[in-house]
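Here's a walk through a model you may want to keep open in your viewer. Let's go from one strand pair out to the whole assembly.

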Number of protein chains: 2
Amino acid sequence: MNTYFLEFRIKHEYANEKKTELANVVKTAIQAVFPECTLAYSSTENDVIMLFIDSSGTKLLTQLCKNSVLAINIDHHVVESAAFTAKVEELNKHIQESPCYVNLNAVVENVLPPIKRGRDLCVYDNISSGMLIERDYEEKVFDNVSPYQHVKIMRSTQYGGILFLDGDLNLAESDLEYTKAITGYDNEDYHDKTVLILGGGDGGILHHLRDRGPKMITMIDIDQMVIDAAKIHLRGICFDALDSMAGPNYKVIVDDCVVHLEKYVSEGKKFDFIINDLTAIPVSTTPVGDHWDFMRKILKLSMTVLADNGKYYTQGNSQLQPNALAMYEQQLRKLGCPVKFEKKIVCVPSYLENWIFYKIWKDL
Amino acid sequence: MNTYFLEFRIKHEYANEKKTELANVVKTAIQAVFPECTLAYSSTENDVIMLFIDSSGTKLLTQLCKNSVLAINIDHHVVESAAFTAKVEELNKHIQESPCYVNLNAVVENVLPPIKRGRDLCVYDNISSGMLIERDYEEKVFDNVSPYQHVKIMRSTQYGGILFLDGDLNLAESDLEYTKAITGYDNEDYHDKTVLILGGGDGGILHHLRDRGPKMITMIDIDQMVIDAAKIHLRGICFDALDSMAGPNYKVIVDDCVVHLEKYVSEGKKFDFIINDLTAIPVSTTPVGDHWDFMRKILKLSMTVLADNGKYYTQGNSQLQPNALAMYEQQLRKLGCPVKFEKKIVCVPSYLENWIFYKIWKDL
């Protein structure tokens, strides 16, 4: 099923005292373009509500909104029909050419793509601030629930495998830019350094850093399911980095990273680099709640095990979430140890919105 | 007005012999969550069509689609109401918890953002293959019709000013990646070279190349309106490159580039670089029609005025238009002179889809 949504700015008099004329114009246009539809319900006094139905299931619902806008919803039950789209465009043109219509723009706007519904694969996703986007998914390749989260991998024509954790897009095979941003854009020297990766179960950071000469990379991710799924379905991210859980200069620990961070604190162990790949900054009105508490705990423990001249890298959130970013920066100013930070706006291909990354270091 | 679109996979028997029970379940759920709505129309025998309306203009239309999917459209006439979204989520939960519902996925999908309608600013755009995306527009800063095209500039929170020509996104202030791709990614030496820019009215290519030591850049764009609007609203693209129509090593000609190309052919004039920034490859089922004829004409003339060791750069189209790209490559093979080409997939931030760029040179 496809749902088309038309809208028309209507002249003030037709939206008020000449409503009956408006209803007639719209009815005539609909019946001209969709002669098989019959008027099933009509209440044109207030909102110019008319429901047209035909035997194949097509439905047209008209309604007058505030600001003199006439909206028409058109539901069509046959998937992918160019002929039907042409009819919708014809109806659009009919009403735009009618005496009721006001064209506020210099040029008439076209009919937007319909919302595709009732499919086996939902192609829609929402990004920051409730924005809707359609994705080029080809298939769902993995969908399972671990003890920690919902793990889903979609295959996209442009972006390859895309990992979602609890519905949030994590990383796609196209997104080397993310890995470069969260490891310092090749401006850092990892040679002979110790690196701690918090999270990173897709293997992208481990793969990117293990050939850059580090003394030892310790990666701690809680979810074996993510690692196992990435190994099979996200080779473009992890390559063969997760095929073995240890190598000459790296080891992968499947566990809660807090336990290990606390152990490192008690042992006095230090790392030259900490890459926090756990989660984005929470989006909320105030910096309270479990997510913020977890984030503060990780930050505090990390700063304790970070070498004095070490670097801490992490993702922030969307450029469209300035409040969440500002709250995060407040937390940075309230840490036990004074820190400095830099942030960068990065275009990660599959995200379809700009993402902020942080580099944090101790201000000694 | 916001339009929410819900959908539910229904158990086979409820979509067939137990339709009346399904209608009752849905009706009860709607009336529980939206008690102010009354049933205005109902025809539950075939499609389980029910139209609920309340006095504030809210409308709920239910319908049963093929594949046992129940769809509900909800139109809400008060802009931005978190309380209403919560009610929609509650209805979603009610029906998902009813005995009619089949959860095919491991985890229940959330309610998608509504379609925002009747606003002064349409925030939707369609990209390749009829995909719908929502944009972060703040305002329309320019909207006018020149003798050649509809020129519109929108302001986006993330991408700055975005230029649209005849409804097609051309370039945003965030899109240095486009300019780098169409000029050879700083791998070309422009020192002491002659450069011909076809189109390029936004000034991005001119700005990028004029400080790279070329002997002379000739830019030919047909539309003074684009140049004038870019100068004011797209400073992040053109900077001060268009403030004067000529400089020590560049000149801007406002005219039809075909006339000048033909003149260059007759004079035997040659260029070291030709950057074709005119239009994307047309999307059509066969490579015929005015757009293709224009493209072939430009290509042929350009190859004639391109120096033997010269380079020709141009944009292609979306990665999601492989047929259009394949047809373009067929044209390249049929040119009078044999050519070689390379293509690159590029992520241009504001495009929200990957874009293909071509580098073409003579195979002597």
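Which residue of strand 11 of chain B is the bridge partner of B:Arg155? It's B:Gly161. Bear in mind that this is a predicted model.

That pair sits in a ladder of six bridges, where strand 10 (residues 150–156) of chain B runs antiparallel to strand 11 (residues 160–165) of chain B. Both strands belong to an open sheet of four strands in chain B, with the order 9-10-11-12 and antiparallel pairing. Strand 9 and strand 12 (168–172) of chain B are at the edges with a single partner strand each, so one side of each has no neighbour in the sheet. From one strand to the next, the twist averages 25°. There's also a helix on board: helix 5 (residues 224–233) of chain B lies across strand 9, strand 10 and strand 11 of chain B, and runs at about 15° to strand 10 of chain B.

Over in chain A, another open sheet has six strands in the order 2-3-4-5-1-6, again with antiparallel pairing. Its edges are strand 2 (38–43) and strand 6 (115–116) of chain A; each has a single partner strand, so one side of each is left without a neighbour in the sheet. Inside this sheet, strand 1 and strand 5 of chain A are joined by eight bridges, and A:Thr3 has A:Asp75 in strand 5 of chain A as its bridge partner. Helix 1 (residues 19–33) of chain A lies across strand 3, strand 4 and strand 5 of chain A, at about 15° to strand 3 of chain A. Helix 2 (residues 82–96) of chain A packs on the sheet too, touching strand 1 and strand 5 of chain A, and its direction makes about 10° with that of strand 1 of chain A.

Here are three of the antiparallel strand pairs side by side:

| Strand pair | Bridges |
|---|---|
| Strand 10 and strand 11 of chain B | six bridges |
| Strand 1 and strand 5 of chain A | eight bridges |
| Strand 19 and strand 20 of chain A | nine bridges |

The last pair, strand 19 (residues 339–347) and strand 20 (residues 354–362) of chain A, forms a hairpin with six residues between the strands. In the turn, A:Leu352 has a positive phi of about 60°. A:Val346 finds its bridge partner, A:Trp355, in strand 20 of chain A.

Now for some helix packing. Helix 7 (residues 257–267) and helix 8 (residues 290–305) of chain A pack at about 35°, with their axes 9 Å apart, and the crossing is left-handed. Among the residues that make the contact are A:Leu261 and A:Val265 of helix 7 of chain A, along with A:Leu301 and A:Val305 of helix 8 of chain A. The contact residues divide into six nonpolar, two polar and two charged.

Zooming out, chain A is divided into domain 1 (2–116), domain 2 (124–170) and domain 3 (173–362). The C-alpha centres of domain 1 and domain 3 of chain A lie 51 Å apart.

Finally, how do the copies relate? A turn of 180° and a shift of 0.0 Å along the axis lay chain B on chain A with an RMSD of 0.1 Å. The two copies are thus related as by a two-fold rotation axis. In chain B, B:Ile133 has the C-alpha nearest the axis, 2.2 Å from it.

The contact takes 55 residues from chain B and 56 residues from chain A. On the chain B side that touches chain A, 26 residues are nonpolar, 18 polar and 11 charged. Since 100% of the interface residues of chain B are also interface residues in chain A, the copies meet through the same surface.

Definitions and conventions
Residues numbered from 1 in each chain as written. Chains lettered and ligands numbered in written order. Predicted model: local features only at pLDDT ≥ 70, side-chain atom pairs only at ≥ 80, totals over all residues. Domains from an automatic or database assignment. Pairing = 2+ DSSP bridges. Helix = DSSP H or I, 4+ residues; strand = E, 2+ residues; numbered from the N terminus. Least-squares fit on C-alpha atoms with pLDDT ≥ 70 in both. Contact = placed C-beta atoms within 7 Å. Nonpolar A, V, L, I, M, F, W, Y, C, P; charged D, E, K, R; others polar. Axes fitted to C-alpha atoms, helices over the stretch in contact; angles between N-to-C directions. Left-handed = near helix turned anticlockwise from the far one by under 90°.
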